[in-house]
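Welcome! Let us take a friendly walk through this protein, one place at a time. Have the sequence and the 3D view ready as you read.

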Amino acid sequence: MREEQNLKLKRIYSGLLRTALFGVLLFLVSARVKGAEPLVLVIDPGHGGENLGAEYEEYTEKDMNLIVAKAMKAELEKYQGVEVYLTHDVDQDMSIKDRAVFAGEKNADFLFCLHFNSSVEHNLFGAEVWVPAGGEFYAKGRSFGILQMEEFTALGLYSRGIKTRLNDRDENYYGILRYCTEEGIPSVLIEHCHLDHPKDQPFYRQGDAQLMELGRLDATAAAKYFGLKSETLGVDYSGYPVPETDVPAQLVRPDKTEPDLCYIEVMEIDQETGDATVRIDAEDKDSYILYYRYSLDGGNTFSLPEEWPRPEAWNRSAKSNSVTLTLPFDQRLSLCVQASNGFDVWAESNSIALDPIPDPERLRREEEERQAAILREAQKNYKEITCAPEEQDASADVMPVLLILAGIGVCMLFVSLVLAKTIYLLIKDKNRR
Ligand SMILES: [Zn+2]
């Protein structure tokens, strides 16, 4: 009886042990499989086929996006444990939704949508990263965006920021971000730079090698974000400090209100060069100041936008900016400035009326002309004296004539005295004999 009980217990224990061992084994195997699962990254070259994207001079965006995307893929494939797909690797039409669905089918961990930009007035420049407007995907997009922007600014591109954009239904404005969010895939839309601005053109105009370099930078940012390692490249980004972004409780809305402060003061004007030192104070409490531009005609026309300093971080602008403006001479001017925030919303400053600055070149020319006129007048007078004495004033003639006559008189008197003395001596001598 007792032996039977012991046997039963033994069986139960060994059964439990087997189950426990099997469980541990299953856990280890599943963890191992999970650990070996590659990271799946999908790259979407923006536009394609009939959809050309931005066009400027000989540049067409869809072609550039494809070159950058292929280079990004090639670079990422140098890292271990990563599978990379392009939504399309030839120039073809593809709907935005199909691109997100493709990423969904691949079980993508992240989608990078690559673009180049242009602006309506051909006056904006810089790189920007658009991210989903809320939740975990906002946090992931922004953290990646910071790394991406570090690559861009190190190259010399100007950061337009990492931003969200909503349509009038409060959904992500960019279809690729909207559909990827629906598919449950984190995503970003990268606008590398502008095709239609001279400040951005040096970053791609030297040919395909430069575009491929942009793709390499995109890949480096992704490798840092995912902590990838590459024996080929000899880099190890495991443990790379990825900037943290809190998951926002609400939608992160774009800043649609204009900067809170935009004020100017003229500090100094160099009368010789026309250079005016102007201090601009500008601030946007919701975002940051991105550009400034100035007007000399009271706000009717403006200069091209210029960079605003952001020395601390991409999203913290300096409050004050001292700039030198070269003013035109001889014009009555009305100076004012506009400052924009990161979402291209502009605020205008006070206006300052400036009296005309006399053109120093014109003043010199006028002085030379005045001197020349004096000289010409003097020469004219000299000619008149020597060539036409009859026209001279009679009173001015009398004195020299009188002097000459007086001289002749004195001479004649002297000669007469000498003659008289000689005659007297002759007569005296004759009488003595
Ligand atoms: Zn585009």
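We begin with E61, a residue that is buried, with a relative accessible area of 2%. Keep in mind that what you see is a predicted model.

**The zinc site**

What coordinates the zinc ion? The donors come from H47 (NE2), from E61 (OE, listed twice) and from H115 (ND1), at 2.1 to 2.6 Å. Along the chain, these donors follow the spacing H-x13-E-x53-H. H47 and E61 link distant parts of the chain: H47 sits in the loop between β1 (39-45) and β2 (55-56), while E61 belongs to helix α2 (residues 61-76), and the two are 14 residues apart. Like E61, which is buried at 2%, H47 counts as buried, because its relative accessible area is 18% and the limit for that word is under 20%.

Why is the arrangement around the zinc ion called irregular? The 4 donor atoms subtend angles of 53 to 141°. Four donors would count as tetrahedral if all angles lay between 85 and 135 degrees, so this spread makes the arrangement irregular.

**Salt bridges**

Now to charged side chains. Side chains of opposite charge can pair when their charged atoms come close. In this model the count comes to 23 salt bridges. Here are three of them, with the N to O distance for each.

| Salt bridge | Distance (N to O) |
|---|---|
| R160 and D344 | 2.7 Å |
| E171 and R169 | 3.2 Å |
| R279 and E265 | 3.8 Å |

Take R160 and D344, whose side chains meet at 2.7 Å. R160 lies in strand β7 (residues 159-163) and D344 in the loop between β16 (333-341) and β17 (346-348), so this pair ties together parts that are 184 residues apart in sequence. Is each partner buried or exposed? R160 counts as buried, at 4% relative accessibility, whereas D344 is partly exposed, at 25%.

In the bridge between E171 and R169, E171 is partly exposed with a relative accessible area of 30%, and R169 is exposed with 55%.

The bridge between R279 and E265 has an N to O distance of 3.8 Å. This pair also links distant parts of the chain, with R279 in strand β12 (residues 275-283) and E265 in strand β11 (residues 261-269), 14 residues apart. R279 is partly exposed, with a relative accessible area of 29%, and E265 is partly exposed too, at 33% relative accessibility. Elsewhere, salt bridges that share partners join E128, R160, K163 and D344 into one network.

**Two strands side by side**

Strand β12 takes part in another kind of pairing. How many bridges join β12 to β15? There are 7, and the two strands run antiparallel. As one example, A276 stands opposite L325 in β15. Strand β15 (residues 320-326) has two faces: N321, V323 and L325 make up the covered one, while S320, S322, T324 and T326 make up the uncovered one.

**A nonpolar patch**

Our last stop is on the surface. There, F414, V415, V418, L419, I423 and I427 form a nonpolar patch, which together has about 580 Å² of accessible area. One of its members, I427, is placed in helix α8 (residues 394-432). With 47% relative accessibility, I427 counts as partly exposed.

How values were computed: Residues numbered from 1 in each chain as written. Predicted model: local features only at pLDDT ≥ 70, side-chain atom pairs only at ≥ 80, totals over all residues. Heavy atoms only, no water. Patch = residues over 30% accessible without salt bridge, like charges linked within 9 Å, V, L, I, M, F, W, Y side chains within 5 Å. Areas by Shrake-Rupley, 256 points an atom, 1.4 Å probe, with all protein chains shown as cover. Salt bridge = Lys/Arg side-chain N within 4 Å of Asp/Glu carboxyl O. Helix = DSSP H or I, 4+ residues; strand = E, 2+ residues; numbered from the N terminus. Buried < 20%, exposed > 50% of the residue type's maximum accessible area, 1.4 Å probe, protein only. Donors = N, O, S within 2.8 Å, 3.2 Å for Na, K, Ca; no water. Tetrahedral: all angles 85-135°; square planar, octahedral: opposite > 155°, others 65-115°. Pairing = 2+ DSSP bridges.
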